[in-house]
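Colleague: Before I use this model I want to know what stands behind the labels. Please give the value and the cut-off each time.

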Amino acid sequence: MADTDPIETDGAPSNDNPYSQGVVAGDTCYVSGYGPVDPETGETVDGDIETQTERVLANIESVVDEAGGNGLEDVVKVTVYLTDLEDYERVNEAYGAQFGDEPPARVCVEVSRLPEDVRVEMDATAYVG
């Protein structure tokens, strides 16, 4: 098995499922998929898709920070899962506001369903070396 270090933080949702919030292997942090869940309450945040996108990215940022990175600026790759591609442009606006002029590589796919029936989920890879 590779030399890995699981990440655990109160800044991102935790659960009883068999996966880590994130895992560091070498200089890379692999962040598990997060929906728009408030880590303090464990509940899906109310609001529009932009608000939910901001919460997803805040969860990712917390894991990267805990792994020793500099938040979203160290993210190099994101996968976005949407249950409705009609949300694509609105997610892009909220996403772009968080990443600025040098966004990471990205994939966006439409899926039939996400856990807890959320509309958006993302996972990420960050360089934390």
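Colleague: What follows helix 1, and what is the sign of its phi?

Modeller: G68 comes after helix 1, and its phi is positive, near 100°. The model is a predicted one: local features need pLDDT of at least 70, side-chain atom pairs count only at pLDDT 80 or more, and totals for chains, interfaces and linings use all residues. Residue numbers start from 1 along each chain as its sequence is written, and side-chain values use heavy atoms, with hydrogens and water left out.

Colleague: What makes residues 49–66 a helix, and how do you know that the span agrees with the expected one?

Modeller: Helices are DSSP runs of H or I with at least four residues, strands are runs of E with at least two, and both are numbered from the N terminus. The expected span is 1.5 Å times one less than the number of residues. Helix 1 has 18 residues and should therefore span 26 Å; its end C-alpha atoms are 26 Å apart, which agrees.

Colleague: Which residues of helix 1 are buried, and what covers them?

Modeller: Buried means under 20% relative accessible area, exposed means over 50%, and partly exposed lies in between (1.4 Å probe, protein chains only). In helix 1 the buried residues are I49, E50, Q52, T53, V56, L57, N59, I60, S62, V63 and V64. The cover includes strand 1 (4–7), strand 2 (22–25), strand 3 (28–34), strand 4 (75–82), helix 2 (88–99) and strand 6 (120–127).

Colleague: Why is A94 called buried, and what does A94 touch?

Modeller: A94 is found in helix 2. Its relative accessible area is 7%, under the cut-off, so A94 is buried. Contact means heavy atoms within 4.5 Å, and leaving aside neighbours within four places in sequence, A94 is in contact with E50 and T53. E50 and T53 are among the buried residues of helix 1.

Colleague: Is D87 buried or exposed, and how do you know?

Modeller: D87 lies in the loop between strand 4 and helix 2. At 6% relative accessibility D87 counts as buried. Neighbours within four places in sequence aside, the contacts of D87 are I49, L82 and R119.

Colleague: Where does G69 lie, and is G69 buried or exposed?

Modeller: G69 is in the loop between helix 1 and strand 4. With a relative accessible area of 9%, G69 is buried. Not counting residues up to four places away in sequence, G69 touches V64, D74 and V128. V128 is 59 residues from G69 in sequence, yet the C-alpha atoms are 4.6 Å apart.

Colleague: Why is V24 called buried, and what is in contact with V24?

Modeller: V24 has its place in strand 2, and a relative accessible area of 12% makes V24 buried. Its contacts beyond four places in sequence are D3, T4, D5, I7, C29, A67 and V128.

Colleague: What are the labels of S32 and S20, and how do the values give them?

Modeller: S32, found in strand 3, is buried at 17%. S20, in the loop between strand 1 and strand 2, is partly exposed, with 27% falling between the two cut-offs.

Colleague: What makes S20 and S32 a polar contact?

Modeller: A polar contact is a pair of N or O atoms within 3.5 Å; within protein one must be able to donate a hydrogen and the other to accept it, and residues adjacent in sequence count only if both atoms are side-chain atoms. The backbone oxygen of S20 lies 2.4 Å from a polar atom of the side chain of S32.

Colleague: What is the sign of phi at E116 and D117?

Modeller: Positive, at about 60° for E116 and about 55° for D117; neither is a glycine. Most residues other than glycine have a negative phi. Both E116 and D117 lie in the loop between strand 5 (105–110) and strand 6. E116 counts as exposed, since its relative accessibility is 69%.
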